[in-house]
Amino acid sequence: MAFSAQTCGASCLVPALCSPLLLCLVLSTPAAEGFSFPQQYTMQYWARRLEQEIDGVMRIFGGVQQLKGIYNDKKNQFEVKENVPKKIVEKVAGDIESLLAKKVRALKRVADAAEKFQKAHRWQDNIGENDIEYYDSKADTKYDGPEGEEIEGEPSNSLKLDFIDDAHFKTKVNYSYAAVQIPTDIYKGSTVILNELNWTEALEDVFVENRKEDPSLLWQVFGSATGVTRFYPATPWRVPDKIDLYDVRRRPWYIQGASSPKDMVIIVDVSGSVSGLTLKLMKTSVYDMLDTLSDDDYVNVASFNQNAQPVSCFKHLVQANIRNKKVFKEDVEIMVAQGTTDYKAGFEYAFEQLQNSNVTRASCNKMIMMFTDGGEDRVQDVFEKYNWPNKTVRVFTFSVGQHNYDVTPLQWMACANKGYYFEIPSIGAIRINTQEYLDVLGRPMVLAGNRAKQVQWTNVYQDALGLGLVVTGTLPVFNLTEGGGDRKNQLILGVVGIDVALDDIKKLTPQYNLGANGYVFAIDLNGYVLLHPNLRPKIINFQEPVTLDFLDAELEDENKEEIRRSMIDGHEGQRYIKTLVKSQDERYIDEVYRTYTWAPIKSTNYSLGLVLPPYRTYYIQANLSDQILQVKYFEYLLPNSFESEGHVFIAPREYCKALNLSDNNTEFLENFIALMEKVTPDSEQCNNFLLHNLILDTGITQQLVERVWKNQDLNTYSLLAVFVATDGGITRIFPNKAAEDWEEDREPFNASFYRRSLDNKGYIFKPPYRDPSYKESEMENNTVGILVSTAVELSFGRRSLKPAVVGVKLDLEAWAEKFKVLASNRTERDQLGTRRCDPSTSCEMDCEANYKDLLCVLIDDGGFLVLSNQEDDASQVGKFFSEVDAHLMSALYNNSFFTRKESYDFQSVCAPEAPSNTGGGPRGVYVPTMADFLNLAWWTSAAAWSIFQQFLYGLTYNSWFQTEDVAADSMETKETSCIMKQTQYYFSTVNYTYNTIIDCGNCSRLFHAQRLANTNLLFVVAEKPICSQCESTKLLQAEVKAPPREPNQCELVEKPRYRKGPHICFDYNATEDTSDCGRGASFRPSWRILISLQLLLLYLTACCNPLPLASCL
C-alpha cells in the first residue's frame, strides 16, 4: 500500500488511504537517531542544482550554439533540400514496378518456351542415361557420413564444367550451361526423368538469351512436377552437412505457383487398430502435408475414432502460417490410438468446418485429407448430404501402413469426390504422396488456359543457392499436348521462377536523405514485410518463408492497424501519427511523431510505405564545387591530424563502387584515403551525395574542435571525451585517445544515442549496458563513461532540420562524487569536510553525509541506473534498477513513473534444447534391437517385415534415421530460431514531484521521485531498507525466451489480422476429367537397390528357417 502526497500542504493522491497531516509529520519529524528524511523543497532544490550543472556542462562543451553558428557561416557550401513523401513513394514504387516488370518478361519467355518444347517433344520409351547430356549439380558433391567422413555421390555421366567466382550470385557459376538437380529419393535413370531432362535441355538457350537482355537477372528456374529442377546459370549444388532433402515441389514458390489457395481439413484415424508404426507414419504424414501449405491457405486438423475432435485448440480453419502449423505439429505428436473407427464422425466434422462461413478462409479449393489404416464404410450418405451433386469439396484418402484391409472403399471415396487415393506403406512413400495432390488441384488451372497464367510474387524466403533473402516471381507451365480422344490435357508441367534479391530492391529506395529514423517499407497481401529495417532474421530455415508481419516489425497500435489495412487494400494514403518506437539497442521506448505515406506497387501484390519524422522534412545536400576546399576538408580525415583535431570514425557506407568495405575503422579509412587519391568526389563511380556530405561534415566538425573543444580543459568538469556525430557519416571524438574506448556504432544511423537524441528534446543520458549477471570483478581497467548527447536543430526561415548530435562522456567515478555533493546540504562546492547529523543535532539527511542511511540515484527513462551515492554501486551502473533495488523500482512502476511495454521478437535465436523422446515432429522410425533380430517370433509379424525393409532402405540412403528439420538446413546449426519476449519501460506522463511511503509494516520506506527538466533522468531519494522482510515482485527487463505457446496462438486466431488472398481462384472446371483418381505408392528407387533388397530378404528367410539367424551372417 502506498501513501502519497505532492507537498506537505497539499492533499494526498490517495486521500482515502492516508491523512495529509500524518504524512507531513512523517516527512518532517526527526527520527530517534536525530535526523529526518529531507523535506520536499530540499529535494527539489537538489534537483535544480543537478539540472543546472548538467545544462552548464553541455552549454560549455556540447557546443550546440557554436555548431549552429558554424553551419550558418558555411551555408553557401550546402543546399537545404525537401523530402516530399508522396513524390518519394511514387518514384520508388515506380522503380520497383519497373524492376519486377523486367523479370516478368523473362519469366513469360521461359514459360512459353517450356510449353512449346514439351509439346514438340516425342516420348522415348527406350531412352537411356547415356543418351542425355546435362550438368548434374550434385555430381561432384561429397556428403559427410555419420562419423564425419566424406562419402562420394552417386556415379554420374554429368558434364564436367569450369566455374568462375561471380559477385552477382555470390558463388561460382558457369554462364554457358544450366544445371540440373534431382531429389535424392527420385531415381534419375527412370524413363520419366530422362524424357524430362531431354526436352528441358532446350530451355538453356532461353535462359542465355534472357540474361543477354537483362544482365541483372538472378536464378532462372524451371521446377518440374516430376521433381526435376533445371536452373541457370550452372553452379555446384550447395549440399547440407547431412542429407540433401531438397525437392523443388516443396519450395514455397513452387507451391504458390502450382495451385490456387486451399481450405484443407485433415482428419486422422486414431482408432485402436492404428498403433505403433502405423500411428507414427500417420503423424509424419500429417507433418509433411502441413508443409505443403502456405500462408495463402487455411487448415484444421482433427482426429477421430467413434467421435471427432480437433487435435489442437483451434476450433475452426486457421491460416497455415508457420506458428499455427507449429501448434498443429506439437499436438499431432501427442495423439493416441483408442476406440473404434467411425468415418462418418470424421467426415461430418470436416464438412462442417468447410461450410463455416463465419471465419476467415481462403474460399477457393476445398478439400478433406483422410489418413487411415483402412475400413469398410463408404459413408455415402455423408457425401450425399454435404457434397453431392456439385462436389465442391475434393476428398483425398491415404491408406497408411502395412495391412490386409480392402482398400476399395477408400478408393471409392476419393473417386466419387474428385479427389485421389494414395497408399503410404512405409516412411519412404510419405514425401512423394503427401505432395502429389497438388497435381489434382492444378487441373482446373491447366484447363483455364491463359486466364490462369498469372504471375505471382512470393513472400520473402531464403534462397537455397546462397543469394540470401529473395522474392520469386512464379508462373505455372501447362501441358499443351492433346489427351486421349478430344480431351484437353489437364496436367501441370511445373512452375517457372525468377528470383529477385531483397538487396536489389533496397538499392532502389532512398536511405541517407531520409535520416537515421526515416525509412521505406513494403508489405504483401498477408501484411508480411517485404522491406523493413527491422526485417533481420538471425537464423533462416530455407524450407520456410520469412514471415514477419508489419505489426510485429513495429510496435502495434490502432493507427498502424488502419495503415496496414489500407495498404493491403491497395489504397494510397498519408497519416501523421503519434506512436511508440524501440531504440536501436531495443532497451528503450520513445513516444514519437511520424508521417506515414503509402501507395500500391502496380502489377504486384505489394504496397510501399514511407515513414518520416517531422524534423526530416528537410535535409542538407553539400555543394562543394571548390576543389581547393575539398582538399582542405579532406586533410582533416587523415590520421596525422587526429592528435590535434580529434579521432574521426567514418560510417561504412558505399561511397564509391571500388571502395572495399571493412569492419575495422582504421582499415576502412586507409581504403577510403587510397581511393580518394585516385578519384575525385565528382567521379561517376562514386555517390556524389554521400561523398560531398562526408567531406562537408569533416570540415564542419573540425571547426567545432577549433572554436570550442581546444579551448577547454575537459578534466575540470570530469569529462572523458566530447564528440559530434553527423548525418554525413562523421563521428569525431576529442581527444584522440578517447577513441580507444569508443564503443558506439561507426554508422551514426545505427547508433542508439544518435537516433534517440533526434527523437527527444534535451539531454539524453546513456549508461554502459550491463546485464543482470554483470559483476564488479568483471569491470575493466578502463574508466567507465556515461554518454550525454543532444541534437543540433537548425532553422533556415521556416525550414528546420537536425543534421548532427553533440555530446560529452562523463567520468563515472568523478561524477558519482559530484552527484553526492550536488544532492547535499553544502552551500559551497569547494567546502571541505562533511556534516553528519547525530542525536544531538536534529537536521535533514542528505545524499553525501548520510549515504549509509539515504539512497540517492539517477535513473534513465528505460529504468537503468545512471548514478548513485552508494560506494558499492559503481558496478551496478547500467543495470536495470530492479536488479539494484527491486522494492523501490516496483514502487516507481506502481506509482506510474514508468509504463511497461511487452512485445515479441519472432526473429531471435536460442540455444538448442536437449533432445526429448516426446518432442514434436520426430522424423525417424523405430529401429529394432539385436534381441529383436534374434527373436524368430518377432519376424513373424507383418510390421516387423515392414520395419526391416525400411531399416535396410534407410541404410542404403542414410536418411531415415536423421531428423528432417536438422537435415534440411543448409548447415548444421548450434542454435535454433525461437520467439523472445521483450519488455521495455519508459516514462509515463508523470512530471511532478512525488513523495510516497512504501508500506511494508516495520520495513516501510519513504521515497521522493522527481523528473529532471530537459533530461531523460528521474531523481530518486529513498530511505535505505532497514530489513529484508518486505516481499516484492522483481520487475524483469532482460529479454527472455517466450514460454511455450506464448504468444497464445489459440487466442490470436480468434481475432485474426486483416489480410487478402490472391484475387484469382481456379478450383473448378466443368471439363475436368476425374477418372484418374487413385493408385498405390509411386516411389521408384534404383532397380539395383530393389534387387539387392529382395535377394537379401529371400536369403534371410531361407537360411533362418529352421537355422538360427546367426548362421546366416
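This passage describes the salt bridges, one enclosed strand and the disulfides of a predicted model.

Salt bridges make a good place to start. Side chains of opposite charge can pair when their charged atoms come close. In this model, 48 salt bridges are found. One of them pairs R616 with D727, whose closest N and O atoms lie 2.2 Å apart. The two partners come from distant parts of the chain, 111 residues apart: R616 sits in the loop between β27 (607-612) and β28 (618-622), while D727 belongs to the loop between β30 (719-726) and β31 (730-734). With a relative accessibility of 5%, R616 counts as buried. D727 is buried as well, at a relative accessible area of 11%.

Another loop residue, D861, forms a salt bridge with R756, and here the closest N and O atoms are 2.3 Å apart. This pair again links distant parts of the chain, with the two positions 105 residues apart: D861 is in the loop between β36 (854-860) and β37 (865-868), and R756 is in helix α23 (residues 752-759). Both D861 and R756 are buried.

The salt bridge between K981 and E902 has its closest N and O atoms 3.8 Å apart. It connects two strands, with K981 in β39 (residues 976-987) and E902 in β38 (residues 898-910), positions that are 79 residues apart. The two ends of this bridge are not alike in accessibility. K981 counts as buried because its relative accessibility is 17%, which is under the 20% limit for that class. E902, at a relative accessible area of 42%, is partly exposed. Elsewhere, salt bridges with shared partners join six residues into one network, namely R323, D549, D552, E556, R564 and R1057.

The strand β36, which comes just before the loop that holds D861, deserves a closer look. How many of the residues of β36 are buried? Seven of the seven are, so the strand is largely enclosed by the rest of the structure. In a regular strand the side chains alternate between the two faces of the sheet. For β36, both faces are covered: one side carries L854, C856, L858 and D860, the other carries L855, V857 and I859, and all of these residues are buried.

Which strands pair with β36? One partner is β42 (residues 1017-1023), joined to β36 by seven bridges in an antiparallel arrangement. Within this pairing, I859 has L1018 as its bridge partner. The other partner is β37, which pairs with β36 over three bridges, again in the antiparallel sense. Here L858 stands opposite L867 of β37. β36 and β37 form a hairpin with four residues between them, and G863 in the turn has a positive phi of about 90°. D861, the salt-bridge partner of R756, lies in the loop between these two strands.

Attention now turns to the covalent links. A disulfide is a covalent bond between the sulfur atoms of two cysteines. The model contains five disulfides, among them the one that joins C313 to C1050 with an S to S distance of 1.7 Å. The torsion about this S-S bond is about -80°, so the disulfide of C313 and C1050 is left-handed. Its ends are 737 residues apart, C313 being in the loop between β14 (308-310) and β15 (318-319) and C1050 in helix α30 (residues 1049-1052). C313 is partly exposed at 23% relative accessible area, and C1050 is partly exposed at 22%.

A disulfide with an S to S distance of 1.9 Å joins C364 to C1065. Its S-S torsion is about 100°, so it is right-handed. C364 lies in the loop between α10 (343-355) and β16 (365-372), and C1065 in the loop between α30 and α31 (1087-1103), so the pair ties together parts that are 701 residues apart in sequence. At 1% relative accessibility C364 counts as buried, whereas C1065 is partly exposed at 34% relative accessible area.

The disulfide between C656 and C686 has an S to S distance of 2.0 Å. It is right-handed, because the torsion about its S-S bond is about 100°. C656 is in the loop between β29 (647-650) and α21 (665-676), and C686 is in the loop between α21 and α22 (688-707), 30 residues apart. Both C656 and C686 are buried.

Methods: Residues numbered from 1 in each chain as written. Predicted model: local features only at pLDDT ≥ 70, side-chain atom pairs only at ≥ 80, totals over all residues. Heavy atoms only, no water. Salt bridge = Lys/Arg side-chain N within 4 Å of Asp/Glu carboxyl O. Buried < 20%, exposed > 50% of the residue type's maximum accessible area, 1.4 Å probe, protein only. Pairing = 2+ DSSP bridges. Disulfide = S-S within 2.5 Å.
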